[in-house]
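Ready for some practice in reading a protein structure? Take a look at the sequence and the model, then work through the exercises at your own pace.

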Amino acid sequence: MIKKLIDKLLGKSAPAARGRPKFGKRQEIAAEVHKIDVNLVDERAANVVSTLQNAGYEAYIVGGAVRDLLVGLKPKDFDVATNATPEQVKALFRRAFIIGRRFRIVHVVYGRGREHEVIEVSTFRAYLDNTAAEQVAGNERTSKSELAGMQHAVDATGRVLRDNVWGPQEEDAARRDFSINAMYYDPKRQIVVDYHDGLKDVHNRSIRMIGDAATRYREDPVRIIRAVRFAAKLGALGFTIEPKTAAPLVKSQQLLADVPQSRLFDEMLKLLQTGHSIATIEKLKALGLATGIYPLLDLVVERADQPFVHAALQDTDRRVAEGKPVAPSFLLACVLWADVRDGWKNRIEHKRQPPFPALQDAIEDVFSARIGDVSGRGKLAGDMRETWTMQPRFDKRTGSAPWSLIDQPRFRAAFDFMRLRADVGEVDEALAEWWQEFSQASDERRQDLLDQAREEQGRARVRVVKGPRREAGDAEPEMALPPDAQAAPAKKRRRRRKPAGERPDAVPSPDAAPVPGEPS
């Protein structure tokens, strides 16, 4: 009281007036009010919370999982927030790993292989004035040595590069982005802790930024993409972006230029793989963000109305809705297929390349032009490459080729890709149906299908040039040409016979003279 009086007499403003954030008043909302269905709460996430609480720490399920629980959705991922430091969290779990530099968090891992689950645990962070943070001139890469010893740092634009100063829960809530993502749920006491009227915004179906939206976008421009993702995901439930939160979006978009390309690539994949890719593209257009976020995303938006790409987006959304896994490599392979197909055709027709080398070179061109090094040319690029290079092999239905094809690890993805091509008329529907049956049939039935295919091809084939027949045991399939492409005519090779006297052990004879046009 005395300090406030002195500050008033000296003309000092109150903390809030000086720009200090309003941390909000803690509200504990009971189960009969929030009505969260406990059956939707992940058992492993509840176990992480319980383990931390039993060790004497505060712990809650936090963020998007709480939001989804409040609207009756089963969350895909569960995050936990606690006042335990990353080192203290790691010590409590057998399989826990501290990751990240910008935000240090802990991944607690349950299970192995494709069935594993990761619970992300973060420590409550202090709300710090970014104008008082240490500043570096470059970014994460160029200022890596400077950032090594910093806990709170920003770049010249005000974007936060380090934020690892721990604080109380009320400050942690204030530094989160949207009010509907800033609530905490205790599965043991079944209460929701709310500081910023998040529950009210859930009921009003409003996506509202905590604090000044333009400032928050400047702190982390990726929040622009998150706003779009939440609007697309929750749009079917009636959620819209609050006007003051939406107003700075387009103007703030230029800030994304300073975000690392790898992070933008990951955020793009989240936009396209949450099960609402088509709604996301429509939302980007409606908000004036159809271009400029990330080049590859611009291409997706541009091609979203093309039958093949649209079918791929619909298929991705369907698989997510059915709880099936989705691979980013498949969707990106669909988006970039037109580039690969056209480059393949061009190399055959104009550069006279053989089909398979032409396909490989076309793929390399597309990787360089569209993806660059952001994916590391690792597993994602490898999966895309296999999906594309297996397409011509579906035309080969004789010999051992079909048997070897279905044994390939990526067969299912390549077949699904070919199935989509058939759906839009790029591939004969009968071919897709044949492979569908072949892949699911018994060995005996498969042999019948091969015999039928051989007979059909025998009737349809018109032999122009006789050549050696490929036997049933030949494993290497012939490469089919891309749609509408014609292979360059084979050049006849002529080899001059050496005179009889120049050939070892040859007997001179008049018949030894070379015959014009004789094949070698």
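The exercises below deal with a predicted model, and each comes with a worked solution.

**Exercise 1. Find the order of the strands in the open sheet, and name the edge strands.**

Solution. Start by following the sheet across from strand to strand. Eight strands make up this open sheet, and their order is β1-β11-β10-β2-β3-β6-β5-β4. The pairing is mixed. Next, look at the two ends of that order: β1 (27-29) and β4 (96-99) are the edge strands, as each pairs on one side only. Finally, look along the sheet for its twist, which averages 30 degrees from one strand to the next.

**Exercise 2. In which sense do β4 and β5 pair, and over how many bridges?**

Solution. Begin with the direction of the strands: β4 and β5 (residues 105-110) pair in the antiparallel sense, over four bridges. Now pick out partners. F97 has H107 in β5 as its bridge partner, and A96 stands opposite V108. Then trace the chain between the two strands. β4 and β5 form a hairpin with five residues between them. In the turn, G100 has a positive phi of about 85 degrees.

**Exercise 3. Which strand is joined to β5 by five bridges, and is β5 mostly covered or uncovered?**

Solution. Look for the five bridges: they join β5 to β6 (residues 117-123), and these strands run antiparallel. One pair to find here is V109, which stands opposite V118 in β6. For the second part, check how many residues of β5 are buried. Five of its six residues are, so β5 is mostly covered, with "buried" meaning under 20% relative accessible area.

**Exercise 4. Are helices α13 and α15 roughly parallel or roughly antiparallel?**

Solution. First find the angle: α13 (residues 261-272) and α15 (residues 295-303) pack at about 25 degrees, with their axes 9 Å apart. Angles under 35 degrees count as roughly parallel, so α13 is roughly parallel to α15.

Next, see which residues meet. From α13 come F265, M268, L271 and L272, and from α15 come L296, L297 and V300. Sorted by type, the residues of this contact are seven nonpolar, no polar and no charged.

**Exercise 5. Which residues of α15 are buried, and which helices do they pack against?**

Solution. Go along α15 residue by residue: L296, L297, L299, V300, V301 and R303 are buried. Then look at the surroundings. The buried residues of α15 pack against α13, α14 (277-286), α16 (307-321), α17 (328-349) and α18 (355-371).

Key:
Residues are numbered from 1 along each chain as its sequence is written. This is a predicted model: local features need pLDDT of at least 70, side-chain atom pairs count only at pLDDT 80 or more; totals for chains, interfaces and linings use all residues. Side-chain values use heavy atoms; hydrogens and water are left out. Axes are lines fitted to C-alpha atoms, for helices over the stretch in contact, and angles run from 0 to 180 degrees between N-to-C directions. Angles under 35 degrees count as roughly parallel, over 145 as roughly antiparallel, 65 to 115 as roughly perpendicular and the rest as oblique. Contact means heavy atoms within 4.5 Å. Ala, Val, Leu, Ile, Met, Phe, Trp, Tyr, Cys and Pro count as nonpolar, Asp, Glu, Lys and Arg as charged, and the others, Gly among them, as polar. Buried means under 20% relative accessible area, exposed over 50%, partly exposed in between (1.4 Å probe, protein chains only). Two strands pair if DSSP finds at least two bridges between them.
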